[in-house]
Amino acid sequence: MPGHVLVVGGTGMLSGLVEALAGDGGRLSLLSRHASQHPDGFDCDYHDEAGFRAALEAAVLRHGPIDLAVAWFHTLKIAAPRVLAQQVRGRMFQVLGSATADPAHPHRLASAAAVADGLVDCRLRQVVLGFQVVGDGSRWLTNDEISAGVLEAVRSDRLLSVIGQVEPWSARP
């Protein structure tokens with residue numbers, strides 16, 4: 001892994017990813033509401049732009065420029081995704097909910113990518129969370145499946161990765 005890896009939202013469904021990245025030996029920062037549980041965690045709420053900026057700046061001050069970012073924001077209708085993208089000097093993996101793949105809204109993936117528009121240092125990658133079809137039904141992905149899938153996306157460095165499946169859309173839980 002590159003020098004400074006920063007994960008936004010890594011205390012919940014991405015906690016397994018954080019553990020794996022911590023084992024890679026790089027400098028790791030974690031930003032979330034409960035990040036101080038981690039040795040290099042910075043508590044913040046990404047809905048609070050000033051607080052998010054302060055936590056991000058503290059992480060950069062401690063570990064240097066961000067070479068790799070993995071970010072799960074429940075919404076992109078806030079400043080935090082763009083604020084993060086402006087700080088990334090390498091790859092940024094944007095973890096997106098399954099609604100991004102809704103065929104009734106084909107613009108969502110491109111709209112999500114707009115957080116990196118015009119930023120030459122930020123190389124955006126997108127990871128869409130899907131679901132699993134099991135027997136006669138379907139289910140959402142588990143935290144372990146999500147962490148493993150995002151880790152695979154980071155290691156394979158694809159522009160777009162889908163964890164699980166998003167088709168047929170009518171099969172989602």
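# Helix packing and local geometry

Trainee: Where is proline 168 found in this predicted model?
Mentor: Proline 168 takes part in an unusual-looking detail of the backbone trace, since a cis peptide bond joins glutamate 167 to it, with omega about -5°. As for its place in the chain, proline 168 is found in the segment after β9 (160-163).

Trainee: How far apart are the end C-alpha atoms of helix α2 (residues 49-63), and which span should its 15 residues have at 1.5 Å a residue?
Mentor: The expected span is 1.5 Å times one less than the number of residues. For the 15 residues of α2 this gives 21 Å, and the distance between the end C-alpha atoms agrees with that expectation because it is also 21 Å.

Trainee: Which residues of α2 are buried?
Mentor: A residue counts as buried when its relative accessible area is under 20%. An α-helix has 3.6 residues a turn, so residues three or four places apart point the same way. In α2 the residues that meet the cut-off are Phe52, Ala55, Leu56, Ala59 and His63.

Trainee: How wide is the arc that they cover around the axis of α2?
Mentor: The buried residues in question are Phe52, Ala55, Leu56, Ala59 and His63. They lie on the same side of α2, because the arc they cover around the axis is only 100°.

Trainee: What do the buried residues of α2 pack against, and which exposed residues does the face turned away from its buried side carry?
Mentor: On the buried side, the packing partners are the strands β1 (4-8), β2 (27-32), β3 (41-43) and β4 (66-72), together with helix α3 (80-87). The face turned away from that side carries the exposed residues Ala50, Glu57 and Leu61.

Trainee: What is the phi of the glycine that follows α2?
Mentor: The residue in question is glycine 64, which comes after the helix. Its phi is positive, near 90°.

Trainee: Which elements are included in what covers the buried residues of α3?
Mentor: The buried residues of α3 are Ala80, Pro81, Val83, Leu84 and Ala85. What covers them includes β1, α2, β4 and β5.

Trainee: Are helices α1 and α5 parallel or oblique to each other?
Mentor: The axes of α1 (residues 15-22) and α5 (residues 143-156) come within 7 Å and cross at roughly 45°. Angles under 35 degrees count as roughly parallel and those of 65 to 115 as roughly perpendicular. The relation of α1 and α5 is therefore oblique.

Trainee: Which residues make the contact, and how many of them are nonpolar, polar and charged?
Mentor: From α1 the contact is made by Ser15, Gly16, Leu17, Ala20 and Leu21, and from α5 by Ser147, Val150 and Leu151. By class, the contact of α1 with α5 has five nonpolar, three polar and no charged residues.

Trainee: Which residues of α1 are buried, and what do the buried residues of α1 pack against?
Mentor: The buried residues of α1 are Leu17, Val18 and Leu21. They are on the same side of α1, because the arc they cover around the axis is only 100°. Their packing partners are β1, β2, β4 and α5.

Trainee: How far apart in space are serine 147 and leucine 17, C-alpha to C-alpha?
Mentor: Serine 147 has its place in helix α5 and counts as buried because its relative accessibility is 6%. Not counting residues up to four places away in sequence, serine 147 touches Met13, Leu14, Ser15, Gly16 and Leu17. Although serine 147 and leucine 17 are 130 residues apart in sequence, their C-alpha atoms are separated in space by 4.7 Å.

Trainee: Is valine 133 buried or partly exposed?
Mentor: Valine 133 is in strand β7 (residues 131-134); leaving aside its neighbours within four places in sequence, valine 133 is in contact with Ser138, Gln165 and Ala171. Because its relative accessible area is 40%, valine 133 is partly exposed.

Trainee: Which residues does serine 98 touch, not counting residues up to four places away in sequence?
Mentor: Serine 98 sits in the loop between β5 (88-96) and α4 (108-113), and because its relative accessibility is 14%, serine 98 counts as buried. The residues it touches are Val128, Leu129, Gly130, Trp140 and Trp169.

Trainee: What is the phi of aspartate 157?
Mentor: Aspartate 157 is found in the loop between α5 and β9, and at 30% relative accessibility it counts as partly exposed. Its phi is positive in a residue other than glycine, with a value near 55°.

Conventions
Residues are numbered from 1 along each chain as its sequence is written. This is a predicted model: local features need pLDDT of at least 70, side-chain atom pairs count only at pLDDT 80 or more; totals for chains, interfaces and linings use all residues. Side-chain values use heavy atoms; hydrogens and water are left out. Helices (H or I, at least four residues) and strands (E, at least two) are DSSP runs, numbered from the N terminus. Buried means under 20% relative accessible area, exposed over 50%, partly exposed in between (1.4 Å probe, protein chains only). The arc is that of the directions from the helix axis to the C-beta atoms. Contact means heavy atoms within 4.5 Å. Axes are lines fitted to C-alpha atoms, for helices over the stretch in contact, and angles run from 0 to 180 degrees between N-to-C directions. Angles under 35 degrees count as roughly parallel, over 145 as roughly antiparallel, 65 to 115 as roughly perpendicular and the rest as oblique. Ala, Val, Leu, Ile, Met, Phe, Trp, Tyr, Cys and Pro count as nonpolar, Asp, Glu, Lys and Arg as charged, and the others, Gly among them, as polar.
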